[in-house]
Structure formats: C-alpha cells, structure tokens
Amino acid sequence: MNNLIEIRKKAQELRNQKKYSEALPLYKELWNNSESKDKWDGWGYALCLNQLKDYSTAYKVSREVLKIYPDFDFIKSQFAWATYMKNIKDYPDDSPTEILENYVSEVITVTEGKEQELFRNQAILKLMDHLSIKNSWGRVIEWAKLVNPEHLNTQPFSGVSNDGKKFRKPSDKESYYLKLSKALEKDGKFDECIDLCNTAMKIFPDVIWFKWHKGSCLRKIKKFQEAISLLEDLKKVKKDWFILKDLSAAYYENKEFDKAYSNFIEAAVLQIRIPEPANRWELFYIGAMILYKKNNNTLADEHISLTYKLREEKGWKNSDSLEELISAKNIKINKTASQLFNELKEFWLIEQQGFLPMQRGVIKNLIQEGKAGFIEGDDGKSYYFRTSNFLDKKTQLKVNCRVQFNIQKSFDKKKNRDSFEAINIRLLSN
C-alpha cells in the first residue's frame, strides 16, 4: 500500500510540473495494476496521454474511467478532448455523416450543461462544416442550436502556410455565424438570416460575408432597393464576382436591365480565371435572363447552354424549369461546357471593353510582392492595378512594359474615396 501511495505522489508531482512523459508510466501502472481503479489515477493517466497527443489511448482510457465513474466531471473533459482529437477534428469530408454525428453526440452527452466546454463547441463547428459541404442546410441549423455563441472566442488566427502564403483563420464565433448565416439563406429562411447577419455585423463590422448574405436575402424577399444599396456599398470594398452576381440579379428583378447587364459582364470577366466554373452556373443563368430581356437571344441561348452543360457534366440534376426553357426555345446543345465557356469568355471581355474608356501607358512599378502595381498612363495619370487583371502571361509582366488597359471606377479603401483602376491589361508590341 505504501508503495502505491508513493507512486501516486510521484506521479502527481511530475504531472504538476508538466513532466507528462515521466508521469505517464506511473499513472499507467496505477490504473492497470490497481484493483480499486481510483478515478483520479484514471484521470491523470488520460490527461497525460492527451497532453502527449496519444489521443487514441486517451480515448480508450477515459472511456473506461467514465464507464466506472459516470458522474466524474473531470474525466468527461478528458474524454471530450480525446474524442474530438481522435475522431472528429480530421474527419474526412467524404466519409459518412452518421458516424461523425455519433462521435459528436458522445461529446455532447458528456458535456451536457457545459456550454463553455471548448471541445464541445469545436466538435459542433466541425460537424456544421461537414454538413455544409454535404449541403445539409437544415441539419446545420439544428446542430447550431446546441451552441451558445456568447461562449465562443472572437480572436482570429493569422499565420503563414508551408508555401509562405499568409492566411487568416476566422475565430470560432465568426465561423459559427458564417456557417449558420449561409445555412439559413440556403434553407430559405431569409428573415432569420437577415436578423443573424445584423447581429454578426455588429460584432464583425469588417467581415464582408454577412453583408453579402444579408444583401442576397433582401433580394430574395423582394426588397430590391435595400439589396442594391447594400451590395453597391459592398462592391466598393470587395469587388468579387459573387457580389456582382447578386447585384446584377437585384437590378434585373428591379427591372433595371442596363445596370443588371453591366454588373453581369463585370462579374463574368472577374471569374474567368477561377477554376471550377460549374460553381458559377447561377451567374451564367442570370446573364441569360438579362440577354433575353435585351433581345440578344442567340447569346442568351449560349449562356443557357453553358449553364446546362456545366451542371450535366458535374452530374448535377438540372431543374425542370431549365429543361422546359431549353425545349421551349428549341436550344440545340452540341458543344462541351469548356467550348462554350471559352467562346463566351471572348464575348465578356469585348463587352466590358466597350463599356469602359481605353488608355495606354507603362508599367511604373510592382508592389505587394508582385500582386499589384501602378501604370503611368499616357494621359499623365497613375492607375493602380491588380496583377490578376493582366491578361497575358504573368511572366511577361515587368516594369517599363508598354500596355493597353481599360479604366474602371474603383474605391480607395485607405483614403475612403472613389478612385479608378486599370483592368483588362494587355501588352503592346511596341
């Protein structure tokens, strides 16, 4: 007995000193060789295993302790930790949802009444993310009810990836609101989504996604002017294709077809170099509807064909309404999605160039590690540009090159005022 007491005392000392690798074999001996199965020995054993990242064994041990002492709160935390790290954190996206839900349910059960428990909330957020990938929006909403966002941290994480790129990971609270707002919109709960976005925008005023979801929902409940106002403001600070897509749709539904068309063309050009065009089928469908209103039926038919082929080639079911439209307009589709996309790409570029002033100049400098720069225009003005708007090979983009470009209205976030930038930049031969 004295020997057992001495081993326990030594194990506790080592654990308090955070010498987990030295304490581990002592706790292992205490737990495995003692008939009494003292709960604190089991807890110390599981804690050391977790600290040393042996989550598989920690899961097994904490489960054993929990079975003997089901009301022992301290072991519940170790079990939640081990369960999350072993079974939940890196659960593959393509694996069955039911298995992941079972693991998360285990964590929920042992942390009942402990809304601040870290691994409880992490487990639910992981499941919400998994269900979002599966487009199970109703299930995302249901699981979100088990989280109290007041107990989630608000500190984002910034770091550098292995290839040297800087990245920002949203805080748990921001992540929660992002997942839930998207789910509410996708599930057609537009008023709830707007309310949630209003709450999130007070906490995260600089995060554009909540404004985007709100603007999209305002459009879907036919509050077109409110949607247009919000999306136009958002366009100034974040000119991405998906924002312009919703802005184009809002103008279209508000019967402002010229503005709908210009925003559609701008969105179409912005997305040209982004992989997986199938994910942008809705943009091309909106473009088709606008073109029909402008009586450009041939090009509208091509956009409908692109929408159809992108979905078909992905194995996605096309809606009955799309099938009926193709039949009613007698559209014959005999090209691949890639062929249609490449043909329309040239149309989008030419159309945008027709909207905007053309200028020539010289690449003055490159900034932001080559991601942007300035052009000295022949008109004597300096124009900011993003290298993503350089249409020739990126290796050809160098200081002192002569270029031709369009001038587009923009917004200077640093100076908080309207400005202009260069887009559709091409090299001149001389």
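Which residue's side chain meets that of Glu253 in a salt bridge? In this predicted model, the partner is Arg219, with N and O 3.1 Å apart. The pair links distant parts of the chain, since Glu253 belongs to helix 13 and Arg219 to helix 11, 34 residues apart. The two partners differ in their surroundings: Glu253 is partly exposed, with a relative accessible area of 32%, whereas Arg219 is buried, at 7%.

Helix 13, which carries Glu253, covers residues 241–253 and has 13 residues. From its first C-alpha to its last, helix 13 reaches 18 Å, close to the 18 Å expected at 1.5 Å a residue. The helix is mostly covered, with 11 of its 13 residues buried. Among the buried residues are Trp241, Phe242, Ile243, Leu244 and Leu247, and charged side chains are represented in the buried set by Lys245 and Asp246. The buried residues of helix 13 pack against four helices: helix 11 (208–220), helix 12 (224–237), helix 14 (257–270) and helix 15 (281–293). Helix 13 is followed by Lys255, which has a positive phi, near 65 degrees. At Trp241, Arg280 lies over the face of the ring, at 6.0 Å from the ring centre. A similar arrangement involves Lys294, whose charged end sits over the ring of Tyr261, 4.9 Å from the centre of that ring.

Salt bridges were then examined across the model. A search of the whole structure finds 27 of them. In one of these, the side chains of Glu312 and Lys309 meet, with a distance of 2.7 Å from N to O. Both residues lie in helix 16 (residues 297–314), where they are 3 residues apart, about one turn of the helix. Glu312 counts as partly exposed at 38% relative accessibility, while Lys309 counts as buried at 16%. Elsewhere, salt bridges that share partners join Arg219, Lys245, Asp246, Glu253 and Glu282 into one network. The pair described at the start, Glu253 and Arg219, therefore belongs to this network, and the cut-off of 20% relative accessible area places Arg219 among the buried residues because its value is 7%. A further salt bridge joins Lys145 to Glu142, the closest N and O atoms being 3.0 Å apart. Lys145 is exposed, with a relative accessible area of 60%, and Glu142 is partly exposed, at 40%.

Aromatic side chains were considered next. The structure holds 22 aromatic pairs. One of them is formed by Trp40 and Phe72, which are arranged edge-to-face, with 4.9 Å from centre to centre and 80 degrees between the planes. Trp40 lies in helix 3 (residues 39–51) and Phe72 in the loop between helix 4 (55–68) and helix 5 (73–88), so the pair ties together parts that are 32 residues apart in sequence. Trp40 is partly exposed, with a relative accessible area of 37%, whereas Phe72 counts as buried at 6% relative accessibility. Both residues also take part in one aromatic cluster, together with Trp43 and Phe74.

The nonpolar interior was described by its cores. The largest nonpolar core has 116 residues. The residues with the most contacts inside this core are Val104, Met128, Tyr176, Phe210, Ile304, Leu306 and Trp348. With neighbours within four places in sequence left aside, Tyr176 is in contact with Leu125, Met128, Ala144, Val147, Pro149 and Leu152. A second, separate core has 12 residues, including Cys401, Val403, Phe405 and Ile425.

A charged residue, Glu174, was also examined. Glu174 is found in helix 9 (residues 172–186). At 3% relative accessibility, Glu174 counts as buried; the reason is that buried means under 20% relative accessible area. Apart from neighbours within four places in sequence, Glu174 is in contact with Arg168, Phe204, Val207 and Phe210. Of these contacts, Phe210 is also one of the residues with the most contacts inside the largest nonpolar core.

Conventions: Residues are numbered from 1 along each chain as its sequence is written. This is a predicted model: local features need pLDDT of at least 70, side-chain atom pairs count only at pLDDT 80 or more; totals for chains, interfaces and linings use all residues. Side-chain values use heavy atoms; hydrogens and water are left out. Helices (H or I, at least four residues) and strands (E, at least two) are DSSP runs, numbered from the N terminus. The expected span of a helix is 1.5 Å times one less than its number of residues. Buried means under 20% relative accessible area, exposed over 50%, partly exposed in between (1.4 Å probe, protein chains only). Contact means heavy atoms within 4.5 Å. A salt bridge is a side-chain nitrogen of Lys or Arg within 4 Å of a carboxyl oxygen of Asp or Glu. Rings of Phe, Tyr and Trp (its six-membered ring) pair if their centres lie within 6.5 Å; planes under 30 degrees apart count as stacked, over 60 as edge-to-face and the rest as tilted. A charge sits over a ring if NZ of Lys or CZ of Arg is within 6 Å of the ring centre and within 35 degrees of the ring normal. A nonpolar core is a set of buried Ala, Val, Leu, Ile, Met, Phe, Trp, Tyr and Cys residues joined through side-chain atoms within 4.5 Å.
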